[in-house]
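Work through the following exercises with the sequence and the model side by side, and attempt each task before reading its solution.

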Amino acid sequence: MTMGDPSASQMPAPPGPGMAPVPGTGLDAETPEPVTAPPAAAPAPIGDAPIIEMRNIRVAFGGVHAVDGVSVDLKPGEVIGLVGGNGAGKSTLMRVLSGAHPADSGEILVDGNPVSITNPRDAKALGIETIYQTLALADNTDAAANVFLGRELRTRLGNLDDAAMESATRKVMGRLNPRFRNFKVPVMSLSGGQRQSIAIARAIHFNARVLIMDEPTAALGPAETAQVHELVAQLKSEGIGIFLISHDIHDVFDLADRITVMLQGKLVATVDKTAVTKDEVLAMIIMGKKPGEVTETELAELHG
Amino acid sequence: MSEATAVPTTAPSREPSTGRARSVLQSFELDTRLLGMIVALAIIWLGFNIISGGLFLTPRNLWNLSVQSATVAIMATGMVLIIVSRNIDLSIGSVLGLTGMFMAMIQAEWIPKTFGLGFDQPWTWIVTIAAGVALGALIGGFQGFVIAYVGVPSFIVTLGGLLVWRGLSFQLAQGQTIAPLDTTFQLLGGGPKGSLGANLSWLVGGIACLGIGYSLIAGRRRRRKYGFPTRPLGIDIVIGVVGVAIALGAVAVANAYPWPPQLASQYAAENGITEPAGGLIIPTGIANPVLIALAVTAVMTLVATRRRFGRYVFAIGGNPDAANLAGINTKRTILMTFVIMGVLSAIGGVVLSARLNAATVSLGTQSELYVIAAAVIGGTSFAGGIGTIPGAVLGAVVTQSLQSGMVLLRVDSPIQDIVVGIVLVAAVGFDTVIRRRST
């Protein structure tokens, strides 16, 4: 699968046969496709140098420390599962990275260089795209207007080039959801799955290097959830780094390479998925205890 | 709208017939709402014409109607953007009044008296309008700043503005009426001399026809370039022919209204023309305020539908959070909608004061209500994100048609207000019910 841009060639893209026919993920509530087995993605080529480093990030709302000195990093082709209970601060941390909310202090590095992200435009310019849990679609406009919102294509005279935007949208949607036909209607009249695929199309059309997915499957049925999993695997194989915020620990174990756990605004730990059990992660989420610190009885109580 | 006309039919046959009607309309890819308004307007016109015994659909009455609608239409185009982005501007009547008074002072007091440069200089009207429009932009920008950057709700800011700008207008002239105005400036208010005459009116009609043809052809070409399905050629031709017929028909009506005999005789005497028997017939043509309104409508339609700014206004109205997260500078966009509204209010001030040949303290009073009514009757939704410029202009024509028709029937002015008020609520109620049923 190519991103259809020159920079894609810089990435360790999978070889020819694997990239040509991309099976449609078909995010469409009305016409769920039979879930096909995920394509045999090439072993995830996780890079060594992090694309993103967030250091000692702090955000306070009034007197409440929503994010309190948290550091995380993300490598190309890596999926970080960001978990924690309600109010743990995981969404706020990601809102800092996507430019939706400024950090009170802390540092963000992209490719090792300090950057300043003060608004969503800055983040997008750095190749950081976000799929919000609410999808953040302008419901009264059509698919193309949403995909290109804030980055409209224009003619030489500076007018909107709606035909060019529709054409590009048809292409990217053809990849994500080949059955999608409703290019001329406001997105409010579309199904949940269709809206989700538009939000994803917007994130991947502009050659994202880093993708933040906030509860991407929370509103989806089982078939659609499987399709999102497939998409994550594909994007990962292209060398895109993904922050996956999720409540669902099974999701995270299926998709993530490393798991970052937050509790009450603080980082509990970032662990390798292969080094922990689900119960140990649960203990981190609920009690804030790292795998070494937790006792057998405490683990047993989790199921009590 | 197709549902509305099909209501009396029985239940079983209703489904297929409305379905077919709708699919025919859909193949035209026209705004069914706009078509419904045109039908409503036709009913109002025919109704008044029958009741008044043929007085309504005369060139004279339609010409007057076009001039009366112009000011409201000009400002309604800006009100659409304001309401679409979930705001309101209650101050426009006062901004109109203040800018009108300011311009009257410039041309009738400050240039001739304070600076002693004399009355009726050839450049007076240009300087005056430039200053008036700049003041409108400044006022709009100030209100927009307080709304977008300070975060005071637009209802409050512009309610304050309604009082403040009207009060300043009184202060500016110590409550006096400023008159007469510059002779060239007066022409912008319409009247026989402030109209285009036959030839220029036909030219405007011709330009409109070219515009219709160009937009249809360019639209087809754009879609073909990307291999998208285009509308059937026959339908485009029908739309083009109807559009051209309306444009040329309107010019013909405007030209069919002759100058008043007295003025024509005076003109003949001044220019040494011997009057033919039955008097000299001089076609009035399109009035200048109508020309201004047409130009404003064209520009504002372009801004709303073809420019990035317009797209952002609609996106903000649809989902302010999404617009923000997409990296749109929502504050600057909101501020700009108020700047545009201020400019359009000043243009309204030009037309209204020029037509009166005076600026009074009450200039433009309550016009905010008619402008908001026009935008809303024209399909602009207070929920945000929905509205069209041509719809608002049609809304202005509908409200003015009701008023002018009732004046023709000698309905008392309180009754006129009652009718307009009822129509406003009924139109929105009707629309809400239709929309609820169609989704």
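**Exercise 1.** What percentage of the 304 residues in chain A do buried residues make up?

*Solution.* The model is a predicted one, in which local features need pLDDT of at least 70 and side-chain atom pairs count only at pLDDT 80 or more, while totals for chains, interfaces and linings use all residues. Residues are numbered from 1 along each chain as its sequence is written, and chains are lettered from A and ligands numbered from 1 in the order in which they are written. A residue is buried if 20 or more other C-beta atoms, placed from the backbone, lie within 10 Å of its own. By this criterion, buried residues account for 46% of the 304 residues in chain A.

**Exercise 2.** Place Gly136(B) in its helix, and explain why Gly136(B) is classed as buried.

*Solution.* Gly136(B) belongs to helix H6 of chain B, residues 124-150, where a helix is a DSSP run of H or I with at least four residues, numbered from the N terminus. Gly136(B) is buried because 30 other C-beta atoms lie within 10 Å.

**Exercise 3.** Which residues does Gly136(B) touch, not counting those up to four places away in sequence?

*Solution.* Contact requires C-beta atoms, placed from the backbone, within 7 Å. Gly136(B) touches Val95(B), Thr99(B), Gly342(B), Val343(B), Ser345(B) and Ala346(B). By contrast, Val251(B), 115 residues from Gly136(B) in sequence, lies 32 Å away in space, C-alpha to C-alpha.

Note on methods:
Helices (H or I, at least four residues) and strands (E, at least two) are DSSP runs, numbered from the N terminus. A residue is buried if 20 or more other C-beta atoms lie within 10 Å of its own, exposed if 12 or fewer, and partly exposed in between; C-beta atoms are placed from the backbone. Two residues are in contact if their C-beta atoms, placed from the backbone, lie within 7 Å.
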